[in-house]
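Okay, thanks for coming, everyone. I'll walk you through a structure that's new to this group, so let's put it up on the screen.

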Amino acid sequence: MAATQTSLNIDDARFPLPGQEFEQQATPEVETKDFDYSKRSQWLRAAVLGANDGLVSIGSLMMGVGAVKQDVKAMILTGCAGLVAGASSMAIGEFVSVQSQLDIELAQIKRDKQLRRDSEELPEEEEGEKANLPSPTQASAASALSFALGASVPVLAASFIGQYKLRLGVVVAAVTVALMAFGWLGAVLGKAPTIKSSLRVLIGGWFAMAITFGLTKSIGSTGL
């Protein structure tokens, strides 16, 4: 009788019952890892800044030209020239800025490596530090492309409107919608308050266009 019971126990250990196997498979260990939104700041900052800069600067530039010239060709050429110049400037400036930051962080990692050269955890720590370093190429490309995308909004909006006053109104409306959209998108990706972020971007864009239009109008009225 004891031998039979021992045999059953051995069989149960080798061949688990269907219910026991289901319970073991139904409770796997799942490792969850929270997403670090700070890792997005590298390209998100450059993209949002570039898009807003393209919208505001090219929209304001076209409004300034439109304040003294009613010719649609002058507005379009001004917008296209500003788009190319602005995208190039943003790309170069962002690359130089992020590359300087990268050089500083690499120098700091090198100094820390010398201080803890005998530590056993050095390879893992160094690998983690290098993984979080900024990328100048990524930031430069994001800045240039987003600037061109933002700048194309007022240029395209003015391209199909022949009437002068209507053209200015369409440019302002297109820039307004785009500013709200980019402000909302940046807030969502960065997990920031959407309404506050969108209004901040929108009011700043309106202010820049109004100042450019008013000052250019006053300068043009003097006959210069």
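Let me start with a question: where is the place of Phe160? It's in the loop between α6 and α7. And bear in mind throughout that this is a predicted model. So, is Phe160 buried or exposed? Exposed, because its relative accessibility is 70% and the cut-off for exposed is over 50%. If you follow the chain on from there, Val170 is ten residues away from Phe160 in sequence, and the two C-alpha atoms are 9.9 Å apart in space.

Okay, next, the inside. The largest nonpolar core has 26 residues, and the ones touching the most other members are Ile58, Met62, Phe147 and Leu179. Which helices feed into this core? At least two residues each come from α3, which is 41-68, α4, 72-115, α6, 136-159, α7, 164-189, and also α8.

Let's zoom in on Ile58. What does Ile58 touch, if we skip residues up to four places away in sequence? Well, there's Phe147, which we just met, along with Ala151, Pro154 and Val155, and then Asp53, Gly79, Gly82 and Leu83.

Now over to helix α8, residues 194-221. Two residues there make a nice pair to look at. Ser197 sits in α8, and Ser197 is buried, because its relative accessible area is 11% and buried means under 20%. Setting aside neighbours within four places in sequence, Ser197 is in contact with Gly183 and Ala187. Ile203 is in α8 too, but Ile203 is exposed, because its relative accessible area is 52% and the line for exposed is drawn at over 50%.

And Ile203 has company out there. Together with Met180, Ile195 and Leu199, Ile203 makes a nonpolar surface patch of about 380 Å². Helix α8 gives the largest share of that patch, three residues.

Last thing, what does the record say? The unreviewed UniProt entry carries the annotation "transmembrane region" for residues 43-68, 74-96, 139-162, 168-189 and 201-220. I looked at a couple of those spans in the model. Residues 74-96 are 100% helix and 0% strand, with end C-alpha atoms 33 Å apart. For residues 168-189, the chain is again 100% helix and 0% strand, and the ends are 32 Å apart, C-alpha to C-alpha. Ile203, from our surface patch, falls in the annotated span 201-220.

That's my tour, thanks for listening.

Terms used:
Residues are numbered from 1 along each chain as its sequence is written. This is a predicted model: local features need pLDDT of at least 70, side-chain atom pairs count only at pLDDT 80 or more; totals for chains, interfaces and linings use all residues. Side-chain values use heavy atoms; hydrogens and water are left out. Patches are made of residues with over 30% relative accessible area and no salt bridge: like charges are joined within 9 Å, nonpolar side chains (Val, Leu, Ile, Met, Phe, Trp, Tyr) within 5 Å. Accessible areas come from the Shrake-Rupley method with a 1.4 Å probe; for residues, only the protein chains shown count as cover. A salt bridge is a side-chain nitrogen of Lys or Arg within 4 Å of a carboxyl oxygen of Asp or Glu. Helices (H or I, at least four residues) and strands (E, at least two) are DSSP runs, numbered from the N terminus. Buried means under 20% relative accessible area, exposed over 50%, partly exposed in between (1.4 Å probe, protein chains only). A nonpolar core is a set of buried Ala, Val, Leu, Ile, Met, Phe, Trp, Tyr and Cys residues joined through side-chain atoms within 4.5 Å. Contact means heavy atoms within 4.5 Å. UniProt positions are given in the numbering used here, feature names are shortened, and annotations may be inferred rather than shown by experiment.
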